[in-house]
Amino acid sequence: MTARELDAAGIHEPGLRAAYTRCRDLNARHGRTYFLATRLLPVDRRAAVHALYGFARFADDIVDDLESTATTGQRAAALVALEEQLESGLRSGRATEPVIRALADTAGRHGIDHRHFTDFLASMRADLTVTGYASFADLDGYMHGSAAVIGLQMLPVLGTVVRHEEAAAPAAALGVAFQLTNFLRDVGEDLDRGRVYLPADLLHAHGVDRELLEWSRRTGARDPAITAVLRAFAAHTRTVYRQALPGLGMLDPVSRPCIRTAFVLYSGILDAIEAGEYAVLHRRAVVPRRRRAAVALDGLVRALAARARADRRTETVAAPCPAAPARTAVMPVPGEAA
């Protein structure tokens with residue numbers, strides 16, 4: 001966490017600053033696409049986003065760190081301990097674990113519903129024992145806690161130009177779209193963990209089972225039935241992106257470039273998967289560096305323009321209006337496209 005970001009967010013106590021810095025480090029190290037997009041936010045909002053990411057990543061590592069030798073029971077116990085710290089931290093605003101301390105501070109500053117965090121941990125616990133899902137409907141239940149709530153946590157930080165309730169559904173959909181993209185990209189790695197997020201009914205519709213997936217992963221051989229499943233999963237994911245798209249225009253204009261950049265880069269992973277002929281069981285698809293740079297540059301231009309417009313509106317509001325007392329001046333509702 002840079003001093004400038006912390007100062008802008010009004011975070012001055014040394015221990016709290018260190019806690020936020022820990023979250024930023026987690027984001028920078030593990031969330032390349034997400035971190036890149038976060039750089040486009042106004043400086044005073046970045047710390048909160050890092051705190052949200054840091055907590056999610058910290059919990060996910062308890063469950064999924066392949067380098068850890070912890071047993072399922074030990075991981076479950078660690079999640080219970082984390083949830084106890086979370087409940088205490090959210091209640092008191094204090095915690096010994098840095099990510100909890102930063103998260104509790106962010107939740108208090110932005111009025112984030114605490115249920116979003118407990119729902120998230122419920123899905124993390126499911127990952128310890130659930131190895132597959134029968135249908136997309138079953139998968140949706142899991143993704144409410146693991147993905148949809150991430151979008152809902154972000155809304156109070158990003159700000160909206162519509163009622164919060166109106167923006168909630170697209171925000172949740174975007175969180176789900178991002179996770180579906182990760183599921184498709186990481187099919188092979190998840191299979192190594194013993195999990196398959198491709199719904200069983202989708203697999204069966206194309207004559208695919210877990211054994212065939214494991215054979216393909218082990219041997220590097222391709223199978224057209226597996227490709228058909230992955231193509232159908234990608235099509236479903238693109239549908240969810242379309243459901244999320246209207247939400248971009250509902251955000252505070254200064255936040256839109258960040259989320260739009262994440263939207264373009266994450267959906268670009270689907271393009272990379274398609275270009276790689278759905279070989280996700282054998283290698284991870286990535287957006288080419290040149291494409292990432294171009295999208296980031298476009299986002300930066302949009303971000304600077306949005307901040308300039310916001311500054312002009314602020315100056316207009318602050319200036320006395322000739323036709324009325326200055327206290328009656330109001331900020332116009334921004335409505336430009338994302």
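The following conversation goes through several labels given to parts of this predicted model and the values behind them.

Colleague: What should be kept in mind about the model and its numbering?
Modeller: The model is predicted, with local features needing pLDDT of at least 70 and side-chain atom pairs counting only at pLDDT 80 or more, while totals for chains, interfaces and linings use all residues. Residues are numbered from 1 along each chain as its sequence is written, and side-chain values use heavy atoms, with hydrogens and water left out.

Colleague: What makes tyrosine 133 and tyrosine 197 a stacked aromatic pair?
Modeller: Rings of Phe, Tyr and Trp (its six-membered ring) pair if their centres lie within 6.5 Å, and planes under 30 degrees apart count as stacked, over 60 as edge-to-face and the rest as tilted. The search of the whole structure finds 11 aromatic pairs; in this one the centres of tyrosine 133 and tyrosine 197 are 6.2 Å apart and the planes are at 15°, so both criteria are met. The two rings sit 64 residues apart, tyrosine 133 in the loop between helix H7 (115-129) and helix H8 (136-158), and tyrosine 197 in the loop between helix H10 (187-192) and helix H11 (200-205), where helices are DSSP runs (H or I) of at least four residues, numbered from the N terminus.

Colleague: How do you know that tyrosine 197 is buried or exposed?
Modeller: Buried means under 20% relative accessible area, exposed over 50%, and partly exposed in between, with a 1.4 Å probe and protein chains only. Tyrosine 197 has a relative accessible area of 5% and is therefore buried, and tyrosine 133, at 11%, counts as buried too.

Colleague: Why is the pair of phenylalanine 183 and tyrosine 197 called stacked?
Modeller: The ring centres of phenylalanine 183 and tyrosine 197 are 4.0 Å apart and the planes lie at 10°, so the pair is stacked. Phenylalanine 183 belongs to helix H9 (residues 164-185), so the pair ties together parts that are 14 residues apart in sequence. Ring pairs also link Tyr133, Tyr142, Phe183 and Tyr197 into a cluster.

Colleague: Why are cysteine 23 and cysteine 258 not counted as a disulfide?
Modeller: A disulfide is a pair of cysteine sulfur atoms within 2.5 Å. The sulfur of cysteine 23 is 16 Å from the closest cysteine sulfur, in cysteine 258, which is too far for a bond, and the search of the whole structure finds 0 disulfides. Cysteine 23 is nevertheless buried, at 0% relative accessible area, as is cysteine 258, at 3%.

Colleague: How do you know that the span of helix H5 agrees with expectation?
Modeller: The expected span is 1.5 Å times one less than the number of residues. For the 21 residues of H5 (residues 72-92) this gives 30 Å, and the end C-alpha atoms are 30 Å apart, which agrees.

Colleague: Why are the buried residues of H5 said to line one face of the helix?
Modeller: The buried residues of H5 are Arg75, Leu79, Leu82, Glu83, Leu86, Gly89 and Leu90. Seen down the axis, they fall within an arc of 130°, so they line one face; the arc is that of the directions from the helix axis to the C-beta atoms. The face turned away from this buried side carries the exposed residues Glu84 and Arg91.

Colleague: What makes helix H4 largely enclosed?
Modeller: In H4 (residues 46-64), 15 of the 19 residues are buried, so the helix is largely enclosed by the rest of the structure.

Technical notes:
Helices (H or I, at least four residues) and strands (E, at least two) are DSSP runs, numbered from the N terminus.
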